[in-house]
Amino acid sequence: MLTEHRRIALLTDGASNAFLAKTAISLLRYRTSDIAVVVDREHAGKTSADLFGVGQVPVVESWSPSLDCDAIYIGIAPPGGKLPAAWKPQIEAALSQGIDVVSGLHDFLTDHAPWVQLAKQTGANLIDVRKNNWKETATGQPFREQCLRIHAVGQDCSIGKMVTTVEMDRGLRALGHDSKFLATGQTGIMISGQGVPADCVVSDFVNGAIEHLVRENDSADFLLIEGQGSISHPAYSAVTLGLLHGCVPQGLVYCYEALRKEVKGFDGCPIPPAEEQMQAIKQIAQLRGPTQFIGVSVNTRRQSAAEAALEIQRAEDRFGLPACDVYRDGADKLIHAAVQLRQELFSEQPANMQQLLSQPSLQEAER
């Protein structure tokens with residue numbers, strides 16, 4: 001149902017910043033043609049480019065029937081996942097007109113009985129992408145032998161693990177490979193239309209939910225599995241472990257943000273050195289099956305172009321792996337590393353690195 005929405009109003013009212021509106025930013029980036037307006041009364045008259053640096057979608061003061069939208073999407077992911085009280089009148093107005101409302105918050109729309117009743121009366125849909133009833137543990141049974149699973153892991157939350165896997169998947173498909181992105185968070189689900197909200201699955205069942213998601217899709221040659229949290233996160237390490245053991249990746253991409261020293265939202269809580277995190281991740285993952293790091297995805301959003309180029313070079317020298325910023329430069333290096341790993345693991349016709357690097361980039365393939 002999510003992918004059927006073609007005129008979406010993104011609600012970010014009072015929260016139109018990179019910290020809170022990461023869901024809106026990613027939807028603008030990957031569902032550009034489906035986004036009709038952004039709703040924020042403070043910034044009405046501007047565009048999404050003014051607020052987020054993405055797209056040219058107009059910003060309006062409030063939702064109204066004249067906008068001819070088929071859905072309102074909650075465009076924020078705040079700590080605690082609460083729905084702002086000030087937004088409730090707009091949601092009720094949309095429901096009264098039969099407009100679907102989609103949320104990725106922990107504060108479920110469907111827990112508000114009057115809204116459920118109103119939606120029934122008007123034919124609107126209340127969609128909580130995090131709500132689930134998964135109650136199966138993992139089986140530990142192997143996946144299809146030649147399904148290559150690449151999983152993004154990293155130093156912290158909100159560093160680009162989803163974007164890294166989305167960009168790798170897009171690039172592989174543009175080059176003609178059989179690839180699929182598997183969402184494990186609310187924003188990825190809103191983009192792709194399916195997935196597992198891993199951070200809202202009961203802890204005993206996280207591995208099983210991810211295992212099931214992979215098994216449903218392991219007919220693909222490449223699976224790009226979105227990561228969550230970090231293995232050293234003081235609050236979210238459990239979901240990171242569940243993902244690692246649920247998807248049993250053969251390849252890992254380490255993601256980090258340049259200049260970030262402390263855990264996001266945890267002042268005074270330092271992030272362990274990348275080498276320590278990578279060693280721990282690999283050791284834990286190998287309890288379920290062989291794995292290796294194939295590349296590094298660097299988020300250089302707080303650096304100039306020149307500083308970013310130096311950061312990428314330092315990362316390659318430091319880790320001995322291909323590195324790139326998928327926002328600035330595309331994911332070609334990581335895509336080529338995934339193709340190379342597949343050839344090594346499954347004894348497919350080898351291609352030397354020069355041949356791989358001569359393949360067209362995603363941008364060239366799309367042209």
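# A tour from helix α8 to the salt bridges

Start with Thr240, which is found in helix α8. The model on screen is a predicted one.

**Stop 1: Thr240**

Select Thr240 and show its surroundings. Is Thr240 buried or exposed? Its relative accessible area is 5%, and the cut-off for buried is under 20%, so Thr240 counts as buried. Setting aside residues up to four places away in sequence, Thr240 touches Gln228, Gly229, Ser230 and Ile231.

**Stop 2: the whole of helix α8**

Extend the selection to residues 237-247, the span of helix α8. The helix is mostly covered, with eight of its 11 residues buried. To colour them, pick Val239, Thr240, Gly242, Leu243, Leu244, His245, Gly246 and Cys247.

Which elements do these buried residues pack against? Two are helices, α7 (206-217) and α9 (274-285). The others are the strands β7 (148-154), β9 (222-225) and β10 (251-257). Show each of them in turn around α8.

Before leaving the helix, step just past its end to Val248, which takes a positive phi of about 45°.

**Stop 3: α7 against α8**

Now keep α8 and add α7. The axes of these two helices come within 8 Å and cross at roughly 40°. Angles under 35 degrees would count as roughly parallel, and those from 65 to 115 as roughly perpendicular; α7 and α8 are therefore oblique to each other. The crossing in which α7 passes α8 is right-handed. On the α7 side, the contact is made by Val206, Asn207, Ile210, Glu211 and Val214. On the α8 side, Gly242, Leu243, His245, Gly246 and Cys247 take part.

**Stop 4: Phe181**

Move to strand β8 (residues 179-182) and select Phe181, which is found there. With a relative accessible area of 8%, Phe181 is buried. What is Phe181 in contact with, leaving aside its neighbours within four places in sequence? Its contacts are Met162, Thr165, Val166, Asp169, Gly188, Ser192, Leu224 and Glu226. For a distance to try in the viewer, draw a line from the C-alpha of Phe181 to that of Gln194: they are 9.8 Å apart in space and 13 residues apart in sequence.

**Stop 5: the six-stranded sheet**

Next, display the open sheet of six strands, whose order is β3-β2-β1-β4-β5-β6 with parallel pairing. Its edges are β3 (59-60) and β6 (126-128), each of which pairs on one side only.

Zoom in on β1 (residues 8-11) and β2 (residues 35-39), which run parallel and are joined by four bridges. Within this pair, Leu11 stands opposite Val39 in β2.

Then add helix α3 (residues 88-96), which packs on the sheet. Helix α3 touches β1, β2, β4 (71-74), β5 (100-103) and β6, and its direction makes about 155° with that of β4.

**Stop 6: salt bridges**

How many salt bridges does a search of the whole structure find? The search finds 19. Three of them are worth selecting here.

Take Asp34 and Arg31, whose side chains meet at 3.2 Å, N to O. Asp34 is buried, with a relative accessible area of 10%, and Arg31 counts as buried at 4% relative accessibility.

Go on to Glu257 and Arg302, which form a salt bridge at 3.1 Å, N to O. This pair links distant parts of the chain, 45 residues apart: Glu257 lies in strand β10, and Arg302 in the loop between β11 (292-299) and α10 (305-319). Glu257 is buried at 2% relative accessible area, whereas Arg302, at 43%, is partly exposed. To see what else is linked to this pair, add Asp156, Arg260 and Arg301; with Glu257 and Arg302 they make up a network of salt bridges.

Finish at Lys333 and Glu316, with a salt bridge of 2.9 Å, N to O. Here too distant parts of the chain are linked: Lys333 sits in helix α12 (residues 332-346) and Glu316 in helix α10, 17 residues apart. Lys333 is partly exposed at 34% relative accessibility, and Glu316 counts as partly exposed at 21%.

Terms used: Residues are numbered from 1 along each chain as its sequence is written. This is a predicted model: local features need pLDDT of at least 70, side-chain atom pairs count only at pLDDT 80 or more; totals for chains, interfaces and linings use all residues. Side-chain values use heavy atoms; hydrogens and water are left out. Buried means under 20% relative accessible area, exposed over 50%, partly exposed in between (1.4 Å probe, protein chains only). Contact means heavy atoms within 4.5 Å. Two strands pair if DSSP finds at least two bridges between them. Axes are lines fitted to C-alpha atoms, for helices over the stretch in contact, and angles run from 0 to 180 degrees between N-to-C directions. A salt bridge is a side-chain nitrogen of Lys or Arg within 4 Å of a carboxyl oxygen of Asp or Glu. Angles under 35 degrees count as roughly parallel, over 145 as roughly antiparallel, 65 to 115 as roughly perpendicular and the rest as oblique. A crossing is left-handed if the near helix is turned anticlockwise from the far one by less than a right angle, and right-handed if clockwise.
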